[in-house]
Amino acid sequence: TALWQRVWSDRAVEIGVLLAMLALLSAAFFFQMALTRSAEHTLWFRMVFLTFTLVFIGWYANAQLSIVNLMALLGSFQSGFTWETFLLDPLVFLLWFSVAAALILWGRGAYCGWLCPFGALQELTNRLARYLGLRQWEVPWNVHERLSAIKYLIFLGRAGVALA
């Protein structure tokens, strides 16, 4: 059998857990009106899901999506695209597929708000800091708006360099 097939069979339990997470998140998106009727239930669901995202995807499975994955994809188009390269990490492949599906189905990405371990860590530590009464520093909205465009310029620059 091919190497990628062995990798997928070796990680069958992790794949099952990730697929269950993605199914639960999809159900939450489909039934978001029912979920958001109670702010307490929504908060509870979100905090548990983000904790699981941080622990399972981030710390245990090490399946963080990154710009490196996109650069590898762009680079593969130059050197001869093969699916085997992307099938070697099944969790990353499934996460990219689910992010693309969420973008098509809901018109927004599910990764940054729900499946990113780094974002989950940020939100959980912010909630903990607020709970402990630590002073919060908030950037004025107009400054945030101006600075947020920089990340897209950096991405476009890196994508251009990868293609060159």
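At 8% relative accessibility, F56 counts as buried in this predicted model, because the cut-off for a buried residue is under 20% relative accessible area. The ring of F56 forms an aromatic pair with that of F52, and the pair is stacked, with 5.7 Å between the centres and 15° between the planes. The angle falls under the 30 degrees that bounds the stacked class. Both residues belong to helix 4, where F52 and F56 are 4 residues apart, about one turn of the helix. F52 has a relative accessible area of 40% and is therefore partly exposed, whereas its partner F56 is buried.

The chain that holds this pair has 10 helices and 0 strands. Its pattern along the sequence is accordingly written α-α-α-α-α-α-α-α-α-α. The C-alpha atoms fill a box of roughly 55 × 40 × 30 Å along the principal axes. Of the 164 residues in the chain, 28% are buried. The exposed area of the chain is about 11300 Å², and carbon and sulfur atoms supply 69% of this area. Among contacts with a separation of 6 or more, 79% are accounted for by residues 24 or more positions apart. The chain carries 11 positive and 8 negative charges, whose mean positions are 8 Å apart.

A search of the whole structure gave 7 aromatic pairs. One of them joins F45 and W114, whose ring centres are 5.9 Å apart and whose planes stand at 50°, so the pair is classed as tilted. This pair links distant parts of the chain, with F45 in helix 4 (residues 39-60) and W114 in helix 8 (residues 111-115), 69 residues apart. Both partners are buried: F45 has a relative accessible area of 12%, and W114 has one of 15%. F45 and W114 also belong to one aromatic cluster, together with F29 and F49.

The face of W114 is also covered by a charged side chain. R46 lies over this face, at 4.5 Å from the ring centre. R46 is found in helix 4, the helix that also holds F45. With a relative accessible area of 17%, R46 is buried, because this value is under the 20% cut-off. When neighbours within four places in sequence are left aside, the contacts of R46 are with G113, W114 and E123. W114 thus appears both as a contact of R46 and as a member of the aromatic cluster.

A further acidic residue, E138, was examined in a loop. E138 is located between helix 9 (117-131) and helix 10 (141-163). Its relative accessible area is 60%, so E138 is exposed; the cut-off for this class is over 50%. From C-alpha to C-alpha, E138 and A120 are 19 Å apart in space, with their positions 18 residues apart in sequence counted as the separation.

In summary, helix 4 contains the stacked pair of F52 and F56 and R46. Helix 4 also contains F45, which pairs with W114 in helix 8.

How values were computed:
Residues numbered from 1 in each chain as written. Predicted model: local features only at pLDDT ≥ 70, side-chain atom pairs only at ≥ 80, totals over all residues. Heavy atoms only, no water. Phe/Tyr/Trp six-rings, centres within 6.5 Å; stacked < 30°, edge-to-face > 60°. Helix = DSSP H or I, 4+ residues; strand = E, 2+ residues; numbered from the N terminus. Buried < 20%, exposed > 50% of the residue type's maximum accessible area, 1.4 Å probe, protein only. Lys NZ or Arg CZ within 6 Å of the ring centre and 35° of its normal. Contact = heavy atoms within 4.5 Å. Areas by Shrake-Rupley, 256 points an atom, 1.4 Å probe, with all protein chains shown as cover. Lys, Arg positive; Asp, Glu negative; His and termini not counted. Charge placed at Lys NZ, Arg CZ, Asp CG, Glu CD.
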